[in-house]
Amino acid sequence: MKNTVIVVAKSLEEAQQKAAKELNLPPETLDITKLDNHEEDTLEGAKPLESRYRVQPKLNKLLELARDKLVGLLKAMDILAEVRANTVGNLIHLSIKTPETALLSGKKGATLEAILHFINRVVTRGDKDLPFILVDIEGYNERRYQRLEREAMRAIRRVRSSKREVTL
């Protein structure tokens, strides 16, 4: 799938429907620009001219959709939480603040990983070209990255001192 598509249609509504089907996204998340400047045909009974439209997803609409889906999931799980959403470049970042951090992160981050996968599949519907959605619970990912970095640095020191391979 593509991030931007060109659609040929007789009306804006038709273009929106075709693009929504092709991009596999809800129509309200799409930004549509008409490329041709055909004037409306005023002859009675004449077929309207087809125009080309450039259609791409709106990042802010995808952000709202992702936030709403995550809030809905947390409500279904009966977890009281605050969800903040922002964009960093072409990345959607959802941050969860809750007293039930351990429950949401799960053993070795398994539950958080499942939530991340679920939200990405529901919002982007498997489209690799759409922005990736990162879900974090009170800085859990940052702490995990720091721990992995410390482990890697320890392994580097062991390799340098022993001159032998180390399995991570």
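**Close-up 1. The buried residues of helix α1.** A15, A19, A20 and L23 are the buried residues of α1. Looking down the helix axis, we find these buried residues within an arc of 130°, so they line one face of the helix. That buried set packs against three strands, namely β1, β2 (30-34) and β3. Turn to the other side of α1 and you meet E13 and K21, which are exposed. Please keep in mind, here and in every view below, that this is a predicted model.

**Close-up 2. Helix α1 from end to end.** Here is a quick check on the geometry of α1, which covers residues 12-23. Its 12 residues, at 1.5 Å a residue, should span 16 Å, and the end C-alpha atoms are indeed 16 Å apart, so the two values agree. Just after the helix comes N24, with a positive phi near 60°.

**Close-up 3. Strand β1 and its partner β3.** Which side chains of β1 (residues 5-9) are buried, and which are not? V5, V7 and A9 point to one face and are buried. I6 and V8 point to the other face and are not buried. Strand β3 (residues 51-57) runs antiparallel to β1, and 5 bridges join the two. Within this pairing, I6 stands opposite R54 of β3. Both strands are also among those that the buried residues of α1 pack against.

**Close-up 4. The largest pocket.** For anyone who likes to look at cavities and clefts, this view shows the largest pocket, with a volume of about 230 Å³. Its lining is made of 12 residues, and the closest to the pocket centre are N120, T124, D127, K128 and F132. Which helix gives the largest share of this lining? Helix α4 (residues 110-124) does, with 6 residues.

**Close-up 5. K108, a residue with positive phi.** Most residues other than glycine have a negative phi. K108 is not a glycine, yet its phi is positive, at about 55°. You will find K108 in the loop between α3 (101-105) and α4. Is K108 buried or exposed? Its relative accessibility is 75%, above the 50% cut-off, so K108 counts as exposed.

**Close-up 6. K163, after helix α5.** Our last stop is K163, in the segment that follows α5 (140-162). This residue, again other than glycine, has a positive phi near 60°. With a relative accessibility of 71%, K163 counts as exposed.

How values were computed:
Residues numbered from 1 in each chain as written. Predicted model: local features only at pLDDT ≥ 70, side-chain atom pairs only at ≥ 80, totals over all residues. Heavy atoms only, no water. Buried < 20%, exposed > 50% of the residue type's maximum accessible area, 1.4 Å probe, protein only. Helix = DSSP H or I, 4+ residues; strand = E, 2+ residues; numbered from the N terminus. Pairing = 2+ DSSP bridges. Expected span 1.5 Å × (residues − 1). Arc of directions from axis to C-beta. Contact = heavy atoms within 4.5 Å. 1 Å grid on protein atoms, 1.4 Å probe; cavity = no way out; pocket = protein on both sides within 12 Å on 5 of 7 lines; lining within 4 Å. Points joined across faces, edges and corners; volume = space filled by probe spheres on them.
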